[in-house]
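Biologist: Could you take me through this model, starting with its interior and then its charged pairs?

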Amino acid sequence: MSTLELANHGPVIPVIVINKVEDAVPMAEALLEGGVKVLEVTLRSSCALQAMEQIAKHVPDAILGSGTVRNLKDAQASKDVGCQFAVSPGYTSELGQFARQIGLPLLPGVSTGSEIMMANADDYYFLKLFPAVAVGGINLLKGFAGPFGDVKFCPTGGVSVESAPQFLALPNVVVCGGTWLTPADAVARKDWAHITKLAKEASAIVAAK
């Protein structure tokens, strides 16, 4: 699988933090019910890998990825629990080459022209702009379109259901990453119906004209 294929499954990839293993499966099922199939579960909690393993085992229709992958150990652990892709907040050549070596498709994070060039040197042309809004958002992506016309982006970080259509309208943006699909308060209440509703809204987003 190429990471670029992830964009075929909808306009938004949810960026998920799971703090309790028991929330993993019902949360994944709620997102799938709302039409969101690609799930990025971040390595930002002590139970993240266990949660991913549960989703891989019990929600086979999900396309499961690991987020906040920062080093080779993270990449290997993600592969071992059944992740189908990985997302990193930045890029190192060591990580990019190792991910390819173990057969783990990687969506590398970048925020500067130099990082884009480093990723391109290792043949990565679909990249995550992170943290998208903080580093310049839509204006930065417009600026990158000239010198990096062959690069596609997934802006993540500060993107909202309101701003996603503007990002998706850019020719170099194919999908957005969104943290708003699994709000902490809804997860704490185990309000899976609300998460399904947010997923349906995200699935229906179309690029602004």
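The questions and answers below concern the nonpolar core, one loop residue and the salt bridges.

Modeller: This is a predicted model, in which local features need pLDDT of at least 70 and side-chain atom pairs count only at pLDDT 80 or more, while totals for chains, interfaces and linings use all residues. Residues are numbered from 1 along each chain as its sequence is written, and side-chain values use heavy atoms, leaving out hydrogens and water.

Biologist: Which helix gives the most residues to the largest nonpolar core?

Modeller: A nonpolar core is a set of buried Ala, Val, Leu, Ile, Met, Phe, Trp, Tyr and Cys residues joined through side-chain atoms within 4.5 Å, where buried means under 20% relative accessible area, exposed over 50% and partly exposed in between (1.4 Å probe, protein chains only). The largest has 59 residues, with Leu31, Ile55 and Phe153 making the most contacts inside it. Helices being DSSP runs (H or I, at least four residues) and strands likewise (E, at least two), numbered from the N terminus, the one that gives the most to this core, with six residues, is helix α1.

Biologist: Is Thr156 buried or exposed?

Modeller: Thr156 is found in the loop between β8 (152-155) and α8 (164-168). Because its relative accessibility is 4%, Thr156 counts as buried.

Biologist: Which residues are joined with Arg189 into one salt-bridge network?

Modeller: A salt bridge is a side-chain nitrogen of Lys or Arg within 4 Å of a carboxyl oxygen of Asp or Glu. Glu201 and Lys197 form one such bridge (3.2 Å, N to O), and these two are separated by about one helical turn because they lie four residues apart in helix α10. Salt bridges that share partners join Arg189 into one network with Asp185 and Asp191.
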